[in-house]
Amino acid sequence: MAGKRIAVVTGGNKGIGYGIMKELCAKFDGIVYLTARDEGRGLAAVEDLKKLGFAPRFHQLDIDNADSISKFTSYIKNTYGGLDVLVNNAAIAYKMAATESFGEQAENTIRVNYFGTLALCRSLFPLLRPHARVSTVSSSAGHLSRINGNEPQASALREKFASPSLTEEELSDLMNQFVEKAKEGKWKEAGWPSSTYVVSKVGVSALTRIQQRAFDADPREDLVVNCAHPGYVDTDMTSHKGPLTIEQGAVAPSYLALLPPNIKEPKGAYLWYEKQVVDWVKGPMP
């Protein structure tokens, strides 16, 4: 099977991930893998896509499970030898009415949304072939301006996140510092916002910038990663409050997954749902 182009979507069984699956199945020249942590839900989604005339494949993948990541990576490597498109869509969000403590919400949200995405990327990036595209689903909540706890601490945090020399290790330290402060009940005083989802998505947006710097220095040609705010979409995650359809929410992440070869931009960028690049550090948000 070597030589075939391969695309992978995480959390592809529903919501925006399912919308991205439809887009890639229609437009990507190769095999598209729907991955989900729950095999039953994943296989059911694949059947739904087949009824639409598409031919996706399924593989179990839980980004919050190191063994699952390792098995999936081995499968792709041994079956195809490489990977051409990765869409990091899998994520969790607590509801406003959640009863878990802020500390617990912080630990779980950061672990899955930031550290899970990071772990999957670290595992799969060695398999990326020249001209590979990585598309990470961020959020309007993932804009740097959302780090808005008490001053001057919030400004100091934003400065760290915005540093062009920030490393993955330093970013991971910032994420862990937030979890610690959340558990101590002192996050606001330390400059952090009162949303664990915001911090997790600021994390993946910052990670995108770091990853593109590494891609620029990589011997493999034309590796590109970007992240996007998909819009406020009618999904389970938004409790179906968003005005956009999942098809509309899939537009920007799918566009980034399908960027043509040898483009100059966007690279390491943060996009809005209508595909426009937004300055992640200075704004303004549309």
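Strand β5 is the element that gives the most to the lining of the second largest pocket, with four residues. Helices (H or I, at least four residues) and strands (E, at least two) are DSSP runs, numbered from the N terminus. This is a predicted model, in which local features need pLDDT of at least 70 and side-chain atom pairs count only at pLDDT 80 or more, while totals for chains, interfaces and linings use all residues. Residues are numbered from 1 along each chain as its sequence is written, and side-chain values use heavy atoms, with hydrogens and water left out.

## The pocket and β5

Let's stay with that pocket. It holds about 190 Å³ of space, and 14 residues line it, with R5, F28, H131, L259 and P261 nearest its centre. Two elements, β4 (83-88) and β5 (128-137), give two or more residues each to the lining of the second largest pocket. A pocket here is an open set of points on a 1 Å grid over the protein atoms alone, where a 1.4 Å probe fits, with protein on both sides within 12 Å along at least five of seven lines; lining residues have an atom within 4 Å of a point. Grid points are joined across faces, edges and corners, and the volume is the space filled by probe spheres set on the points.

H131 deserves a second look. This residue of strand β5 has a positive phi of about 70° although it is not a glycine. H240, in the loop between β6 (224-228) and α8 (246-257), also has a positive phi, near 60°.

## Buried and partly exposed residues

Buried means under 20% relative accessible area, exposed over 50%, and partly exposed in between (1.4 Å probe, protein chains only).

| Residue | Relative accessible area | Class |
|---|---|---|
| H131 | 27% | partly exposed |
| H240 | 46% | partly exposed |
| A257 | 2% | buried |
| W192 | 1% | buried |

A257 is found in helix α8. Leaving aside neighbours within four places in sequence, A257 is in contact (heavy atoms within 4.5 Å) with L24, V85, V87, R133 and S135. A257 and V87 are 170 residues apart in sequence, yet their C-alpha atoms are 6.7 Å apart.

W192 sits in the loop between α6 and α7. Beyond its neighbours within four places, its contacts include L157, F161, F178 and V199. The C-alpha atoms of W192 and A154 are 6.3 Å apart, with their positions 38 residues apart along the chain.

## Helices α5 and α4

Which residues of helix α5 (residues 153-162) are buried? They are A154, L157, F161 and A162. These residues cover an arc of only 130° around the axis, so they lie on the same side of α5; the arc is that of the directions from the helix axis to the C-beta atoms. Among the elements covering them are α6 (168-184) and α7 (196-216).

Helix α4 (residues 102-124) has 23 residues, and at 1.5 Å a residue it should span 33 Å; its end C-alpha atoms are 32 Å apart, which agrees. The expected span is 1.5 Å times one less than the number of residues. Even so, α4 has a kink of about 35° centred on R111, the bend being the angle between axes fitted to the seven residues ending there and the seven starting there.

## Two cis peptide bonds

A cis peptide bond joins E151 and P152, with omega about 5°, and P152 lies in the loop between β5 and α5. The bond from G283 to P284 is also cis, with omega near -5°; P284 is in the segment after β8 (277-278).
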